[in-house]
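Visitor: Please take a close look at the ligand and the residues that surround it, and then say what empty space a search of the structure finds.

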Amino acid sequence: MTNNPSLNSVTAPGIPAARTGEPTFRYDVAVVGLGYVGLPTALALHKAGKSVLGLEISCRRLDDIRAGRADLLPSDNDRLAGALDDEHAFQMTTDTARLAEAATVLVCVPTPIDHHLLPDLKPLAAACVDVVAHTVSGQTLILTSTTYVGCTRDFLVEPLRRRGLEAGSDIFVVFAPERIDPGVADHAQADCPRVVGGVTEQCVAHATELLAACAGYVHPVSSVEAAEMTKLYENTFRAVNISLANEFADISRGLGVDIVEVIAAAATKPYGFMPFHPGPGVGGHCIPCDPHYLLWQLRADRVHAPLIETAMERVASRPGNVVRRCGEVLSTTGTMLAGAKVLVLGVAYKPDVADVRESPALEIIDRLRAAGATVSYADPHIDLIDTADGELTADPAPEATEWDLVLVHTLHRGADIAWLERAPVVLDATFRLHDLKHRHVL
Ligand SMILES: NC(=O)c1ccc[n+]([C@@H]2O[C@H](COP(=O)([O-])OP(=O)(O)OC[C@H]3O[C@@H](n4cnc5c(N)ncnc54)[C@H](O)[C@@H]3O)[C@@H](O)[C@H]2O)c1
């Protein structure tokens, strides 16, 4: 496919070129949703020579992207600068009608959970309504947002059929789950294989042409449902194993054994073991959310999945356990949570990102405050957070205060933690501060 947008048409290797009368498209791809997944994907596709239209519902997000305020890896920031200079092959818009200008439409909108841990399908449903309304014959639609099994058919294939567009002949529809690891340069999207399940083989072939430009290789599966289930299995696997690692950490502390040493030793086994690490809980847009999409759909069929349910219950209860442990370690100094001055160090859900979605730190802070503690936080990536009591701004100089307790929640690369040696009580929820003097492990 050429980088010259005027020459592009819907063709893929091994697939007949567009028949006379079939549309040509201004862009190779439209990316719907320019968030943690969509923006790096759009930039990777542009870097690979594709012409890209980014569709984003939020003007504020577009302003942030244009002003270089998006939370990106340095390499993606370089790509963004290049893309913004290439008006011809990289544009961003809020105009959904322009989706008709792209040969392929790739949907990367959020699939969060609500306060009751139920899937919130509103953003995905709304985006799919827009996509379906503007689909033109010959387009390829790629749904990448994590979702329940059957969603691609419910939200795209069936509504398109009602519009008279048959997947596999008039248009091409696949589900290709995203595996990006935002903020982690070692897990480059370009090296990661991409699973694709289509309504027909022809659909997979069409999608493969685009996805191969930003993936290690494409692994086809036999159906959209198999691809949807693959993503749910991957992230449920992580949720279950992280819950197990947390449980082993709690048990090991009780038995006076160092869990970090145990995990490192177990990881020497060349087969049948994969290390997962304990921590203050899981956050982000994937592990605390995705398994709930599966559990939700199973509930409708009265199907019980006790192992997954227990793991997700443990995921949800972890922040409360962290707060209980804060009380325990404070009590070793004759202090209580009520009235204590507590610092939460690092509130991002993982190192080196500015993302607090589902971060355990948020619930931990609310619970510590509810227990009567005076809570501050420090995080070089995050200036402001929302708490149950309103906005809280980061302490820019946490080393200048005498804290009763420092809870180390997230350690960003290069963080200055030398001053922690002076803190009287440190609760290490990262399990990484082995050499610290007054350290308690979670
Ligand atoms: N963040 C991750 O680590 C990660 C990894 C793999 C998969 N995923 C999955 O990818 C999907 C996207 O996640 P994300 O982290 O990028 O979400 P995000 O919230 O960072 O970004 C989504 C973007 O979509 C925009 N948007 C919402 N509705 C829209 C619409 N109708 N039209 C245009 N734009 C719209 C939002 O404004 C936002 O900028 C989710 O399903 C998630 O589960 C995320």
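Guide: A polar contact here is a pair of N or O atoms within 3.5 Å, and with that cut-off in hand the ligand of this predicted model can be read contact by contact. A nitrogen atom of the ligand lies 3.2 Å from a polar backbone atom of Ile57, while an oxygen atom of the ligand is placed 3.0 Å from a polar backbone atom of Thr146. With Glu56 the partner belongs to the side chain, where an N or O atom is 2.5 Å from an oxygen atom of the ligand. Taken on its own, the ligand has 830 Å² of accessible area, and the protein covers 91% of that area.

The shell that provides this surrounding counts 25 residues, the closest being Tyr36, Val37, Glu56, Thr111 and Thr146; sorted by class, the shell holds 13 nonpolar, 7 polar and 5 charged residues.

As for empty space, rolling a probe the size of a water molecule over the atoms shows where it is left. Over the whole structure, the search finds 2 cavities of 30 Å³ or more, and the second largest cavity contains about 60 Å³ of space. Its lining is made up of Glu178, Arg179, Ile180, Gln189, Cys192, Pro193, Arg194, Cys214 and Ala215, and the residues of that lining divide by class into 5 nonpolar, 1 polar and 3 charged.

Note on methods. Residues numbered from 1 in each chain as written. Predicted model: local features only at pLDDT ≥ 70, side-chain atom pairs only at ≥ 80, totals over all residues. Heavy atoms only, no water. Near = heavy atom within 4 Å. Polar contact = N/O pair within 3.5 Å; in protein donor to acceptor, adjacent residues only side chain to side chain. Areas by Shrake-Rupley, 256 points an atom, 1.4 Å probe, with all protein chains shown as cover. Nonpolar A, V, L, I, M, F, W, Y, C, P; charged D, E, K, R; others polar. 1 Å grid on protein atoms, 1.4 Å probe; cavity = no way out; pocket = protein on both sides within 12 Å on 5 of 7 lines; lining within 4 Å. Points joined across faces, edges and corners; volume = space filled by probe spheres on them.
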